[in-house]
Structure formats: structure tokens, C-alpha cells
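User: Could you take me through the salt bridges here, and then the sheet and the helices around it? Please keep it step by step, as I am new to this.

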Amino acid sequence: MAESAQYEELVRQFSAFGAVKREMKRTMPADCHSGSAAALALLGRYGDMRMSKLAELLSVDMSVTSRHVAHLAERGWIERSPDPADKRSRILRLTPAGRTQLDELFRRTTQLLAERLADWSDEEVGRLTQLMSRLRDSFGDTRTGSRPAPPALEQTTRTPAST
């Protein structure tokens, strides 16, 4: 087990990581904030789903999920249709415009990571990916899977060059 000083340093690093996240957010289109990007990415990765499942994957309550879904639907990036199994529920699915938007988000984040990590070896990037995935697993992240994701977005079926 690591020493207390190592955990304290880790806390400082997490705090400082906000700068990385802020720069990644600046690469996003103005009309696609991080919550919308995360919802799009999850729909891209897992496919059609109920809003309750999206809320679970986002780890937020239904009211927050509802706002994200409304934002995405207003832009034509997702569609909501009645759930054949339960007419009170809606099934969410990406539209072609949503897929295009998601592809653009991944292009932007992948480009930024490639620029910032240009002096990192493939092994170092792979190790970071592995460790970030393991950290998420340690916290019980329900979104983890066989493929790692960029820090700002969950991965879809496409494979970005880095985490």
C-alpha cells in the first residue's frame, strides 16, 4: 500500500488536472458542453437506451439527464421515441447529425491529445490509459469496458489514438 505522502501528492495532481480538463473543454464547440458530449459519447458507445440507463451511466440524477437530453434533442443530435415495452419511457438514439457531432468531438479531443502528448512514447500513452482505466474501476465506474476512453469523453466504437 502506498504511503500517505503519495496519496497527498495524488490529491494535488487531481486538483491540478483541472487545467487539462479546461483546455479540453475549450476545444469543444460552443453549443456542446461537456455534459452533452458525455451523453452523446455514451449513446455512441452503448447504442439506444432509456433515459434511466443514461442517467446511471452519467452518474447523475434524472433531472440533470433530462436537461442534457433536451439540449441534444433541440440540436437534432438525438431522437426520443416511445419504448415499445413501456410507453411511459423513451428510448434515446443518436441521429446521423449526432453521429457527425460525436465524430467531430472525438476528432478535436484526439488532435489535442496527440499535440500535447507528442513527446510521449506509445508505451507511456498506453500505460496512462491502463492506469486511468484501473483508477476508474477502483471507484466502481459503470462505464468501464475493454476499451479505454479519452479523459473528456467516453469512447464509441471508434478507437481514438489516445486516452
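Analyst: Start with glutamate 9. Is glutamate 9 buried, partly exposed or exposed? Its relative accessibility is 32% in this predicted model. Glutamate 9 therefore counts as partly exposed, because that class runs between under 20% for buried and over 50% for exposed.

Now look at its partner. Glutamate 9 makes a salt bridge with arginine 12. The closest N and O atoms are 3.0 Å apart, and the cut-off is 4 Å, so the pair qualifies. Arginine 12 has a relative accessibility of 48% and is also partly exposed. Where do the two residues sit? Both belong to helix H1, which covers residues 4-16. They are three residues apart, or about one turn of the helix.

How many salt bridges are there by this rule? The count is 10. Take two further examples.

One is arginine 75 with glutamate 74. Their side chains meet at 3.5 Å, N to O. Arginine 75 is partly exposed, at 32% relative accessibility. Glutamate 74, at 63%, is exposed.

Another is aspartate 86 with arginine 88. Here the N to O distance is 3.1 Å. Aspartate 86 has 17% relative accessibility, so it counts as buried. Arginine 88 reaches 75%, so it counts as exposed. Salt bridges can also share partners: in this way Asp48, Glu79 and Arg93 are joined into one network.

Next comes the sheet. In general, strands of a sheet pair through backbone hydrogen bonds, either parallel or antiparallel. In what order do the three strands of this open sheet lie? The order is E1-E3-E2, and the pairing is antiparallel. Strand E1 (49-50) and strand E2 (78-83) are the edge strands. Each of these edge strands pairs on one side only.

Follow each pairing in turn. E1 is joined to strand E3, residues 86-94, by two bridges. These strands run antiparallel. Across this pairing, arginine 50 stands opposite isoleucine 91 in E3.

On to E2 and E3. Six bridges join them, and they run antiparallel as well. Arginine 80 faces leucine 92 in E3. What connects E2 to E3 along the chain? A hairpin does, through two residues.

The helices come last. With the E1 and E3 pairing in mind, turn to helix H5, residues 62-74, which packs on the sheet. H5 touches E2 and E3. Its direction makes about 115° with that of E2.

H5 also has a helix against it. Two packed helices are described by the angle between their axes and the distance between the axes. Helix H4 spans residues 51-58, and it packs with H5 at about 105°. The axes of H4 and H5 are 9 Å apart. Why call H4 roughly perpendicular to H5? Angles of 65 to 115 degrees count as roughly perpendicular, so H4 fits that description relative to H5.

Which residues meet there? From H4 come Met51, Ser52, Leu54, Ala55 and Leu58. From H5 come Met62, Thr65, Ser66, His68 and Val69. Sorted by class, this contact of H4 with H5 has six nonpolar residues, four polar ones and no charged ones.

Technical notes:
Residues numbered from 1 in each chain as written. Predicted model: local features only at pLDDT ≥ 70, side-chain atom pairs only at ≥ 80, totals over all residues. Heavy atoms only, no water. Helix = DSSP H or I, 4+ residues; strand = E, 2+ residues; numbered from the N terminus. Buried < 20%, exposed > 50% of the residue type's maximum accessible area, 1.4 Å probe, protein only. Pairing = 2+ DSSP bridges. Contact = heavy atoms within 4.5 Å. Axes fitted to C-alpha atoms, helices over the stretch in contact; angles between N-to-C directions. Parallel < 35°, antiparallel > 145°, perpendicular 65-115°, else oblique. Nonpolar A, V, L, I, M, F, W, Y, C, P; charged D, E, K, R; others polar.
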